[in-house]
Amino acid sequence: MRGTGRFAGLVQIEGTPDTDPATGGLRHRGTRHKAPRNLTHMTGSTPLGMPPMPPPTTDPPWKKAWDAALYGPEGFFRRESPVAHFRTSVHASPLFARALVALTRRAGLDTIVDVGAGRGELLAEAHRIDPTLTLLGVEVAPRPAELPEAVAWTSALPESVEGLVVANEWLDNIPCHVVEVDGSGTPRIVHVDPASGEETFGAPLADRAVPAGIAAWCERWWPLAGREPGARAEVGTTRDEAWADVVRRVTGGVAVAVDYGHTAQTRPPSGTLRSYRDGQEVDVLPDGSRDVTAHVAVDAVAARVAGTVVRQREALRSLGVDGTRPELALATRDPQGYVRALSRATEAAELTEETGLGGFSWVVSTHADVPPASQLLS
Ligand SMILES: C[S@@+](CC[C@H](N)C(=O)[O-])C[C@H]1O[C@@H](n2cnc3c(N)ncnc32)[C@H](O)[C@@H]1O
């Protein structure tokens with residue numbers, strides 16, 4: 001590994017079809033809500049008034065099926081390149097990498113660790129912008145052949161990091177439990193048949209077989225008590241834990257998780273599970289043939305790491321990403337300069353657009369002697 005050793009000791013982490021011409025045919029994930037899917041509803045009692053049947057399924061809960069689909073031996077992300085299937089801020093524009101390099105330097109740091117680094121596009125761009133940076137990608141997929149040699153690559157998180165740790169659209173791909181209120185008003189774990197996507201109810205949250213942390217998380221962050229049958233929650237315990245595990249390794253520096261998400265005021269009533277393949281949104285299916293994702297409860301993640309939630313729009317603007325079109329007069333004075341400035345402004349506009357990438361959340365925490373997020377991003 002190259003560099004000054006600012007990360008040390010690598011350990012494994014536990015852990016409607018259409019295209020969008022504005023984004024080169026590839027969809028941003030997380031920018032639309034869609035109708036709930038059909039669940040095989042078990043009612044509170046049978047039509048003859050008998051008690052409900054035990055869960056009629058040997059199917060795995062969502063978390064297990066999702067985990068196998070994305071990260072099993074033949075899992076989606078072990079084979080597939082994210083950019084072949086959807087477009088993130090990293091792919092939208094090099095301005096995103098430029099902003100993160102600016103944040104790194106503003107915090108007095110010289111190291112970037114990218115968790116869930118995809119094919120290393122962010123780090124390759126950061127290296128182009130500033131070849132003196134120490135760069136590490138953490139990713140389950142193998143090292144991309146075209147990655148600059150100066151970028152280190154691993155499947156394990158470093159034990160400690162002094163630098164900027166970023167995870168762009170990583171937490172939404174951390175599998176989580178799905179809970180739904182059944183016909184009698186009882187929240188239950190949802191199971192799924194990985195081959196058909198058909199869902200069935202499992203144990204009630206109050207059941208002794210269900211880890212108490214799931215009910216506790218729902219009660220605190222996404223309450224289902226008194227909600228109508230069909231109301232759903234995606235339980236953020238795994239995302240909170242995953243991010244806390246990253247942040248506890250940051251001995252000095254900044255940690256930034258960037259994702260689409262919601263807060264207590266904006267929880268989607270029917271959940272947000274989605275699948276993407278080849279640039280299109282497709283039926284949700286945890287069979288390994290497609291991406292499976294759900295929005296992140298960003299307030300819960302932030303609370304877990306004493307972080308601050310900032311919208312991408314504001315964060316990027318504070319780092320100099322500006323979508324204002326250049327003055328027309330420049331076109332006469334310097335036509336090539338005008339075209340370059342217009343292209344930059346168009347890319348910046350995509351990164352900061354309210355209803356698209358600009359509406360994403362940054363969960364920012366700073367550590368040791370690095371100034372707080374309010375100062376870094378002002
Ligand atoms: C949605 S992609 C985002 C890729 C990239 N950050 C971007 O913005 O284009 C999520 C990535 O996280 C990776 N990933 C998920 N869990 C991981 C883990 N535990 N360790 C390393 N990489 C992981 C996946 O393989 C996938 O490449």
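**View 1. The open sheet of strands 13, 12 and 14 in a predicted model.** In this predicted model, where local features need pLDDT of at least 70, side-chain atom pairs count only at pLDDT 80 or more, and totals for chains, interfaces and linings use all residues, 3 strands form an open, antiparallel sheet in the order 13-12-14. Strands are DSSP runs (E, at least two residues) numbered from the N terminus, and two of them pair if DSSP finds at least two bridges between them. Strand 13 (280–282) and strand 14 (291–293) each have a single partner strand and stand at the edges, so one side of each is left without a neighbour in the sheet. From one strand to the next the twist averages 40°, an angle taken between N-to-C directions of lines fitted to C-alpha atoms, on a scale from 0 to 180 degrees. Residues are numbered from 1 along each chain as its sequence is written.

**View 2. The pairing of strand 12 with strand 14.** Strand 12 (residues 274–277) is joined to strand 14 over 3 bridges in the antiparallel sense, and arginine 274 has threonine 293, in strand 14, as its bridge partner.

**View 3. The hairpin of strands 7 and 8.** Strand 7 (residues 187–192) and strand 8 (residues 199–204) run antiparallel and are joined by 4 bridges, with threonine 200 of strand 8 as the bridge partner of histidine 191. Between the strands of this hairpin lie 6 residues, and glycine 197 takes a positive phi near 80°.

**View 4. The surroundings of the ligand.** There are 17 residues around the ligand, of which Phe77, Thr88, Gly116, Gly118 and Asn168 come nearest; a residue is near if its C-beta atom, placed from the backbone, lies within 6 Å.
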